[in-house]
Amino acid sequence: MAEEKWKANMEKVAFMKQFPGLAWSWEQMQGKTIEAVSLLPSKPGAATLVCTDGSFVVAPPLDPQPHELGESLRAARPALESKHPDAYREYDRLVKKDRDALKAARLEKIVGAIQNNLEQIPELKDRLRKLVNEWK
């Protein structure tokens, strides 16, 4: 399960890095008209600059950290989605896949921890039964 989570995240990151319209340098923005500016809440002073042709750049330029690029895509979504609807559908699919893989990996880790500790902690079974009964 952990490997599936890792693969899902890598697939999502690879897609974000080649997202349609993403410019990695100021030279790529020359002659373009800025249509919208979306601030990045987690990085004061940073923003996604969206151009009328659907291209965009993160300013100041990113050291392409996946969490910053993902935040940029989310922040600029209102301005970019109409220009790149298929890319956003794929992005949403990959985000869901990554989230589902994380959930499965966490579940596997919890179940594994329980199984690995049943012999050393006999009262664990009773405690788990009690918890399950409380949830009913």
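## Charges

In this report, Lys and Arg count as positive and Asp and Glu as negative, while His and the chain ends are not counted. With that in hand, welcome to this predicted model. The protein carries 22 positive and 20 negative charges, and the mean positions of the two groups lie 4 Å apart.

## Elements and overall form

Let's walk along the chain. The protein is built from 5 helices and 3 strands. Starting at the N terminus, their order is α-β-β-β-α-α-α-α. The radius of gyration of the protein is 21 Å, well over the 14 Å that the globule rule gives for 136 residues, so the protein is more spread out than a compact globule.

You can also picture the box that the C-alpha atoms fill: taken along the principal axes, it is roughly 70 × 25 × 25 Å.

## Inside and outside

How much of the protein is buried? Of its 136 residues, 34% are buried. The exposed surface comes to about 9,100 Å², with carbon and sulfur atoms supplying 56% of that area.

Contacts tell us how the chain meets itself. Taking contacts between residues at least 6 apart in sequence, 55% join residues that are at least 24 apart.

## A stop at R129

To finish, here is one residue to find in the structure. R129 sits in helix α5, which covers residues 123-135. The side chain of R129 makes a polar contact of 3.2 Å with the side chain of D126.

Now look from R129 to M29, 100 residues away along the chain: the C-alpha atoms of these two residues are separated by 61 Å.

Key: Residues numbered from 1 in each chain as written. Predicted model: local features only at pLDDT ≥ 70, side-chain atom pairs only at ≥ 80, totals over all residues. Heavy atoms only, no water. Helix = DSSP H or I, 4+ residues; strand = E, 2+ residues; numbered from the N terminus. Rg over C-alpha atoms; globule rule 2.2 N^0.38 Å. Buried < 20%, exposed > 50% of the residue type's maximum accessible area, 1.4 Å probe, protein only. Contact = heavy atoms within 4.5 Å. Areas by Shrake-Rupley, 256 points an atom, 1.4 Å probe, with all protein chains shown as cover. Charge placed at Lys NZ, Arg CZ, Asp CG, Glu CD. Polar contact = N/O pair within 3.5 Å; in protein donor to acceptor, adjacent residues only side chain to side chain.
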